[in-house]
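Subject: Structure handover

Hello,

Here is the structure I said I would pass on. My notes on it follow below the model.

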Amino acid sequence: MGAGKINRLVVALSGASGAVYGKRLVEVLHAAGVEVHLLISRMAEKTLVYECDTPPDSLRRLAAKAYALNELEAAISSGSFRTDGMVVIPCSMKTLAAVAHGYSENLIARAADVTLKERRPLVMVVRETPLNAIHLENMLSLHRAGAIIMPAMPSFYIRPRTIDDLVNHLVGKVLDMFGFEHQLFESWKGIPEGGSKA
Ligand SMILES: Cc1cc2nc3c(=O)[nH]c(=O)nc-3n(C[C@H](O)[C@H](O)[C@H](O)COP(=O)(O)O)c2cc1C
C-alpha cells in the first residue's frame with residue numbers, strides 16, 4: 001500500500017455510531033506512514049469503547065499527534081499549518097451542524113473550518129438515520145462550501161462477507177477522495193454474464 005498523495009492528514013472521530021470506520025482509517029494511515037493529527041470527541045471516546053472495545057488512547061498512540069478538543073491554540077487551528085485535508089469519521093449531526101454554521105467552539109469544528117477556508121479536501125462521513133430537514137440542509141450547506149459529504153452507507157454490490165468488508169469499502173472510498181492508493185476493495189468490473197457473482 002502506497003501513501004499516494006497524503007503526507008499529513010487531520011482525522012476526527014465524533015460521537016456518531018460507526019467508531020470502527022475512524023479506527024480503521026487511522027490504522028491504515030498509520031501502516032502507510034502518514035502523519036495523522038487525531039481528534040477524538042468525548043462521545044467518540046464512549047462509542048469507541050462501547051462499539052469496538054477500543055480504548056481511545058490505543059488509537060491515539062497510532063497518531064503523530066493527538067489533541068484535546070479544547071486545545072484551540074493547536075497547530076491545526078491555523079491555515080499556516082499545512083495539511084493534505086481532513087476527514088471527520090464518523091461525523092455526528094452535532095459536529096455537522098457546528099461546521100455548517102462556522103461555530104468553531106471545539107478543535108474539530110475549528111480544524112474543519114480552516115480546512116474549508118484553505119480550500120483543502122474535507123470529507124464528512126456523516127451518520128444518522130432517518131435524516132431531518134436540519135441535517136439535510138446542513139449537508140447541502142457544507143457541500144456548497146466545498147466539503148465532500150460521504151454518508152456511512154454500506155454497499156452490497158461488493159458482496160460483503162464480513163463487517164470488515166463493509167468497513168474497508170467505506171474507508172477505501174474515503175481514501176479515494178485523496179487519490180491514495182490502497183487495496184481495501186476491488187474496483188467494480190461490471191456485472192458478469194449470467195447476472196450473478198457466484
Ligand atoms: C451509542 C451512540 C450512538 C450514537 N449515534 C449517533 C449517530 O449515529 N449520529 C449522530 O448524529 N449522533 C449519534 N449519537 C449522539 C451523539 O453522540 C451526540 O449528539 C453528541 O452530542 C455528539 O457530540 P460530538 O459531535 O461532539 O461527538 C450517538 C450516541 C451514542 C451514545
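Leaving aside residues up to four places away in sequence, Thr115 touches Gly85, Met86, Arg120, Pro121 and Leu122. Please keep in mind that this is a predicted model. Thr115 belongs to helix H5, which spans residues 107-117. Its relative accessible area is 3%, and because the cut-off for buried is under 20%, Thr115 counts as buried. Two of those contacts lead to the strands: Met86 falls within strand S4 (residues 86-91), and Leu122 within strand S5 (residues 122-126).

Helix H5 itself lies across strand S1 (8-13), strand S2 (35-40), S3, S4 and S5. Relative to S4, H5 runs at about 135°.

The sheet

The sheet is open and has 6 strands, in the order S3-S2-S1-S4-S5-S6, with parallel pairing. Its edge strands are S3 (65-67) and S6, each of which pairs on one side only.

I looked at S5 in some detail. Of its 5 residues, 5 are buried, so the strand is mostly covered. Leu122, Met124 and Val126 point one way from S5, while Val123 and Val125 point the other way.

On one side, S5 is joined to S4 by 4 bridges, and the two strands run parallel. Val87 is the residue opposite Val123 in this pairing. S5 is also joined to strand S6 (residues 148-149), again in parallel, by 2 bridges. There, Val123 has Ile148 as its bridge partner, and Met124 stands opposite Ile149. Between S5 and S6 the chain passes through helix H6 (residues 133-144), and this β-α-β crossover is right-handed.

The helix pair H4 and H6

How do the axes of H4 and H6 cross? Helix H4 (residues 93-100) and H6 have axes that come within 9 Å, and the crossing is at roughly 45°. That angle is neither under 35 degrees nor in the range 65 to 115, which is why H4 is called oblique to H6. The crossing of H4 past H6 is left-handed.

On the H4 side, the residues in contact are Met93, Leu96, Ala97, Val99 and Ala100. They meet His135, Asn138, Met139 and Leu142 of H6. H6 therefore appears twice in these notes, as the helix of the crossover from S5 to S6 and as the partner of H4.

Regards

Terms used:
Residues numbered from 1 in each chain as written. Predicted model: local features only at pLDDT ≥ 70, side-chain atom pairs only at ≥ 80, totals over all residues. Heavy atoms only, no water. Buried < 20%, exposed > 50% of the residue type's maximum accessible area, 1.4 Å probe, protein only. Pairing = 2+ DSSP bridges. Right-handed = clockwise from strand over helix to strand, strands pointing away. Axes fitted to C-alpha atoms, helices over the stretch in contact; angles between N-to-C directions. Parallel < 35°, antiparallel > 145°, perpendicular 65-115°, else oblique. Left-handed = near helix turned anticlockwise from the far one by under 90°. Contact = heavy atoms within 4.5 Å.
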